[in-house]
Amino acid sequence: MKYIIGADGGGTKTILSAADTSGSVLTDASAGGINYNFIGVERAADNFNAGVKKLGIKPEDIAAIAIGDPSIDDINILPATSAFISELRNKIPLPNDCKLFIKSDAFMTLYGVTSGETGVLIISGTGAMGIALDSGGNVHVAGGWGRLTEDEGSGYYIAINGMKAALRYHDGIGQHTLLYKAMLDFFNEPNP
């Protein structure tokens, strides 16, 4: 029997699911992160391979793998992505006819919500971005530049701006805000 593996890749954790070709989900497994931009291509491939091993499926029985990759944005495929794919094929002895589909985790989520139809998805978690698929099949992305650029609308952005407002109040250059006390309470500190 042949199997299809789907993976929701992450920076710290990757979730893999295996289904047979009729669509029946058989098993799930978790592994370490696969964001090769932060941990390197070899370690990311090792983590993914560990997840495949946990599924208990022989590599020769894998017909296809679809990966929601946290390292790409679907607009530009970087050399690191090609290196990751190559490293996966080196670590997992996949059959030559095994299809490997890799798109951003954001695209995979958009596709899951829209089933490939025209649509827009806004993601607001630690980071934030918007992704859309138009009627011509083109992908459009805005944001998602990472926490160092503050990703407007993200949890990081909201927390940093709340702390800035609290500190401006403390310094006497900002308006009174309840965030000042909330910040001190959160960090269990009497002053900034």
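Mentor: A crossing counts as right-handed if the near helix is turned clockwise from the far one by less than a right angle. Keep that in mind for this predicted model.

Trainee: Okay, so which helix passes helix 3 in a right-handed crossing?

Mentor: Helix 2 does. The two pack at an angle of about 45°, with their axes 9 Å apart.

Trainee: Why are helix 2 and helix 3 called oblique to each other?

Mentor: Set the angle against the cut-offs: under 35 degrees is roughly parallel, and 65 to 115 is roughly perpendicular. Theirs is about 45°, so helix 2 and helix 3 are oblique.

Trainee: What do helix 2 and helix 3 meet through?

Mentor: On the helix 2 side, the residues include Val41, Ala45 and Phe48; on the helix 3 side, they include Ala80, Phe84 and Leu88.

Trainee: How do you know that the span of helix 3 agrees with its number of residues?

Mentor: Residues 79-91 make 13, which at 1.5 Å a residue should span 18 Å, and the end C-alpha atoms are 18 Å apart.

Trainee: And what makes the buried residues of helix 3 line one face?

Mentor: Thr81, Phe84, Glu87 and Leu88 are the buried ones, meaning under 20% relative accessible area. Down the axis they fall within an arc of 125°, so they line one face. Pro79 and Asn90 are exposed on the face turned away from that buried side.

Trainee: What about helix 4, which residues are buried there?

Mentor: Ala106, Phe107, Leu110 and Thr114. Their arc is 100°, so they line one face too. What covers them includes strand 5, strand 6, strand 7 and strand 8.

How values were computed: Residues numbered from 1 in each chain as written. Predicted model: local features only at pLDDT ≥ 70, side-chain atom pairs only at ≥ 80, totals over all residues. Heavy atoms only, no water. Helix = DSSP H or I, 4+ residues; strand = E, 2+ residues; numbered from the N terminus. Expected span 1.5 Å × (residues − 1). Buried < 20%, exposed > 50% of the residue type's maximum accessible area, 1.4 Å probe, protein only. Arc of directions from axis to C-beta. Axes fitted to C-alpha atoms, helices over the stretch in contact; angles between N-to-C directions. Parallel < 35°, antiparallel > 145°, perpendicular 65-115°, else oblique. Contact = heavy atoms within 4.5 Å.
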